[in-house]
Amino acid sequence: MLGPLVQPLYLWLTENLGFIPLFAGPASGTGRTIFTAALVLAVMILPIVTALSREVFLQTPRLHEEAALALGATRWEMIRMAVLPFARPGIISASMLGLGRALGETMAVALVLSPSAIISFALLQSTNPSTIAANIALSFPEAYGLGTNQLIATGLVLFVITLAVNSVARAVINRRKEFSGAN
């Protein structure tokens, strides 16, 4: 349903930004591309990220906000100087949680794409690469022997990617640990 709606945008992107390899043509005629899958995943994780970020914003000490306002800061300056620095680790944590959800999403990608066994960085073409989780879910019923071992190995790769993303997020959060509500 989303594919036909965004297909004119894909044509515009290939005509005007086709010199960038990500937007190289020809654009898919159906709109079922990895870019559409990315849009669907972004919409799926947005409520998680916003709900968690809102909770982190509410954890900002009232004293910090009042102190900024008492020193003559405007409301926007108070948010920029008191709330956002306090909430930064929480926002990063919420984003990483949403990213983890998107990395592991299987069925949304499988429903949007017609995946094939290629590796491509072109976002708007009809030949779509599959995500690791979708590849495992779609290929596992027919796999046997060495194919099963390949799928288990790709699962291990997905685990390593997830571990690396979580480690980077933890390192970023630990840098501002003493001045945050994410402890």
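## Where α3 meets α4

In this predicted model, the contact between helices α3 and α4 brings together His64, Glu65, Ala68 and Leu69 on the α3 side with Arg75, Met78, Ala82 and Val83 on the α4 side. Sort those residues by character and you get five nonpolar, one polar and two charged.

As for the geometry, α3 covers residues 62-70 and α4 covers residues 75-104, and the two pack at an angle of about 135° with their axes 9 Å apart. Angles over 145 degrees would count as roughly antiparallel, so at this value α3 is oblique to α4. The crossing of α3 and α4 is right-handed.

## Where α1 meets α2

Now for the other helix pair. Here α1 and α2 pack at an angle of about 120°, and their axes sit 10 Å apart. The roughly perpendicular range runs from 65 to 115 degrees, and α1 and α2 are therefore oblique to each other. The crossing of α1 past α2 is right-handed.

On the α1 side, the contact is made by Leu2, Gly3, Val6 and Tyr10, while α2 brings Phe35, Thr36, Leu39 and Val40. Split by type, the contact of α1 with α2 has six nonpolar residues, two polar and no charged.

## The aromatic pair

If you're scanning for ring-ring interactions, the count comes to one aromatic pair. Its partners are tyrosine 10 and phenylalanine 35, with 5.7 Å from centre to centre and 75° between the planes, which makes the arrangement edge-to-face.

Tyrosine 10 belongs to helix α1 (residues 2-17) and phenylalanine 35 to helix α2 (residues 34-58), so the pair ties together parts of the chain that are 25 residues apart in sequence. Both residues also turn up in the helix contact, with Tyr10 on the α1 side and Phe35 on the α2 side.

## Spans listed by UniProt

An unreviewed UniProt entry lists residues 33-52, 102-124 and 151-173 under "transmembrane region". How does the model treat these stretches? Take residues 33-52: that span is 95% helix and 0% strand, with its end C-alpha atoms 30 Å apart.

Residues 151-173, another of the listed spans, come out as 100% helix and 0% strand. The end C-alpha atoms of residues 151-173 are 33 Å apart.

Definitions and conventions
Residues numbered from 1 in each chain as written. Predicted model: local features only at pLDDT ≥ 70, side-chain atom pairs only at ≥ 80, totals over all residues. Heavy atoms only, no water. Axes fitted to C-alpha atoms, helices over the stretch in contact; angles between N-to-C directions. Helix = DSSP H or I, 4+ residues; strand = E, 2+ residues; numbered from the N terminus. Parallel < 35°, antiparallel > 145°, perpendicular 65-115°, else oblique. Left-handed = near helix turned anticlockwise from the far one by under 90°. Contact = heavy atoms within 4.5 Å. Nonpolar A, V, L, I, M, F, W, Y, C, P; charged D, E, K, R; others polar. UniProt positions renumbered as here; feature names shortened; annotations may be inferred. Phe/Tyr/Trp six-rings, centres within 6.5 Å; stacked < 30°, edge-to-face > 60°.
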